[in-house]
Amino acid sequence: MKTVKQNVHYHIGNENETDMYSEILNGLKSMPKSISPKYFYDKKGSELFEAITMLREYYPTRTELFILNKYKYEMADAVGTDSALIEFGSGSSEKVRTLLEAMSDLKEYVPIDISKDFLYQSARALSIEYPDLNVHAVSADYTAEFEMPKLDSKRKVVFFPGSTIGNFEPHEMGKFLKQTAELLRPGGGLLIGVDLKKDHAVLNAAYNDKKGITRDFNKNLLNRLNRELLANFKLEEFSHHAFYHAEKGRVEMHLVSLKDQMITIGNEEIAFEEGETIHTENSYKFTIEEFHEIAGLCGFTPKKVWCDEKRWFSMHFLEVR
Ligand code: AVJ
């Protein structure tokens with residue numbers, strides 16, 4: 001039997017300590033009602049998000065991949081030759097493959113993701129494709145504290161694509177960036193995808209696609225609560241509402257109750273008024289200057305920015321002071 005050379009190592013960075021039921025119940029008892037967007041991504045939700053990234057109206061994924069592919073050699077240069085590349089929320093490690101095309105000398109790649117089985121499987125697959133790369137898969141919630149494996153490289157660079165940073169509230173974003181700066185140490189780098197402010201019609205269309213995939217993605221959250229938390233939401237009694245809130249600089253997604261109704265979840269009851277919403281996501285948009293200012297306050301010095309021609313999406317390289 002022929003064995004395939006693999007340099008893949010598995011680590012537990014932290015254990016998930018949040019209790020989904022109490023967290024969601026808290027959100028549903030709050031005024032206004034809300035649920036964290038992290039709960040979108042069960043199996044069906046991840047598949048629906050994947051389908052969203054292929055929609056004509058949803059420009060971010062396609063645009064970021066275009067920027068990555070066009071400037072991968074400049075990005076590789078910024079990362080340098082004796083750096084370990086650490087990816088937050090690596091998923092299937094699809095985007096990093098574009099970078100790796102320009103980084104034949106990279107020695108260590110550290111994908112970090114909360115969904116352990118999928119992470120380990122993706123790390124194994126990547127390791128077969130790149131037999132000389134040391135892959136350290138870390139199962140962890142990267143927004144909390146986690147333990148890093150021991151690395152050989154002199155410098156660390158975090159890769160954080162997808163504009164996932166837009167899901168954080170301003171105070172969470174600050175906390176996250178400071179925590180990342182601490183992990184990286186002075187001289188370390190951050191390569192991050194940031195979605196930009198633009199024509200409101202473009203933003204509204206991206207979260208209200210014609211095929212209704214974003215609607216299904218939003219409403220799938222109710223299916224998940226029905227299944228996993230023994231709730232009894234009727235999907236036809238809620239509608240998808242997504243819009244750009246210019247003053248707040250964010251796209252908001254909500255689920256709107258179409259009538260006065262009572263919902264059971266586990267052994268609790270939640271009352272909804274007609275028109276009342278569950279706020280399910282914020283997706284903040286930035287100008288390049290706004291992002292530089294926030295990152296600057298958190299210990300980073302902006303080094304380089306890459307954009308598409310329309311300036312719809314940006315990728316930044318920053319260094320810890
Ligand atoms: C994965 C958080 C970047 O905010 O655009 C897509 C998720 N929500 N359509 C985004 C999402 C609705 C996406 N992020």
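Student: How many nonpolar, polar and charged residues does the shell around the ligand have?

Tutor: In this predicted model, the shell around the ligand has 7 nonpolar, 4 polar and 1 charged residues. The members are Tyr41, Phe49, Ile52, Tyr58, Gly162, Ser163, Asn167, Tyr207, Phe217, Met253, Glu281 and Ser283.

Student: What makes Glu281 the charged residue, and why is Gly162 counted as polar?

Tutor: Glu belongs to the charged group, together with Asp, Lys and Arg, whereas Gly is placed by convention among the polar residues, so Glu281 and Gly162 take those classes.

Student: How do you know that Tyr58 makes a polar contact with the ligand?

Tutor: A polar side-chain atom of Tyr58 lies 2.5 Å from an oxygen atom of the ligand, and the criterion asks for a pair of N or O atoms within 3.5 Å, so the pair qualifies. By that criterion the side chain of Glu281 also qualifies, with an N or O atom 2.6 Å from a nitrogen atom of the ligand, as does the side chain of Ser283, with an N or O atom 2.7 Å from an oxygen atom of the ligand.

Student: What share of the ligand does the protein bury?

Tutor: Taken alone, the ligand exposes 350 Å², and the protein buries 95% of that. Helix H2 (43-52) and strand S12 (277-284) are the elements that give two or more residues to the shell around the ligand.

Student: In which sheet does S12 lie, and what is its strand order?

Tutor: S12 lies in an open sheet of 4 strands with the order S2-S12-S9-S8 and mixed pairing.

Student: Why are S2 and S8 called edge strands?

Tutor: Strand S2 (33-34) and strand S8 (238-245) each pair on one side only, and they are the edge strands of this sheet.

Student: How do you know that S8 and S9 pair?

Tutor: S8 and strand S9 (residues 250-257) are joined in the antiparallel sense over 8 bridges, and pairing requires at least two bridges, so the condition is met. Within this pairing, Phe238 has Ser257 in S9 as its bridge partner. Helix H8 (residues 213-228) packs on the sheet, touching S8, S9 and S12, and its direction makes about 55° with that of S9.

Student: What is the order of the sheet of 8 strands?

Tutor: The 8 strands form an open sheet in the order S1-S5-S4-S3-S6-S7-S14-S13, with mixed pairing. Its edge strands, strand S1 (8-12) and strand S13 (300-307), each pair on one side only. Neighbouring strands of this sheet are turned by 20° against each other on average, direction ignored.

Student: What makes S7 and S14 a pair?

Tutor: Strand S7 (residues 189-195) and strand S14 (residues 313-320) share 7 bridges in the antiparallel sense, and at least two are needed, so they count as paired. Leu191 stands opposite Phe317 in S14. Helix H6 (residues 170-184) packs on this sheet, touching strand S3 (83-88), strand S6 (155-160), S7, S13 and S14, and its direction makes about 150° with that of S6.

Student: Which peptide bond is called cis, and what is its omega?

Tutor: The peptide bond from Met31 to Pro32 is cis, with omega near -5°; Pro32 is placed in the loop between helix H1 (20-29) and S2.

Key
Residues are numbered from 1 along each chain as its sequence is written. This is a predicted model: local features need pLDDT of at least 70, side-chain atom pairs count only at pLDDT 80 or more; totals for chains, interfaces and linings use all residues. Side-chain values use heavy atoms; hydrogens and water are left out. Axes are lines fitted to C-alpha atoms, for helices over the stretch in contact, and angles run from 0 to 180 degrees between N-to-C directions. Contact means heavy atoms within 4.5 Å. A residue is near a molecule or strand if one of its heavy atoms lies within 4 Å of it. A polar contact is a pair of N or O atoms within 3.5 Å; within protein, one must be able to donate a hydrogen and the other to accept it, and residues adjacent in sequence count only if both atoms are side-chain atoms. Accessible areas come from the Shrake-Rupley method with a 1.4 Å probe; for residues, only the protein chains shown count as cover.
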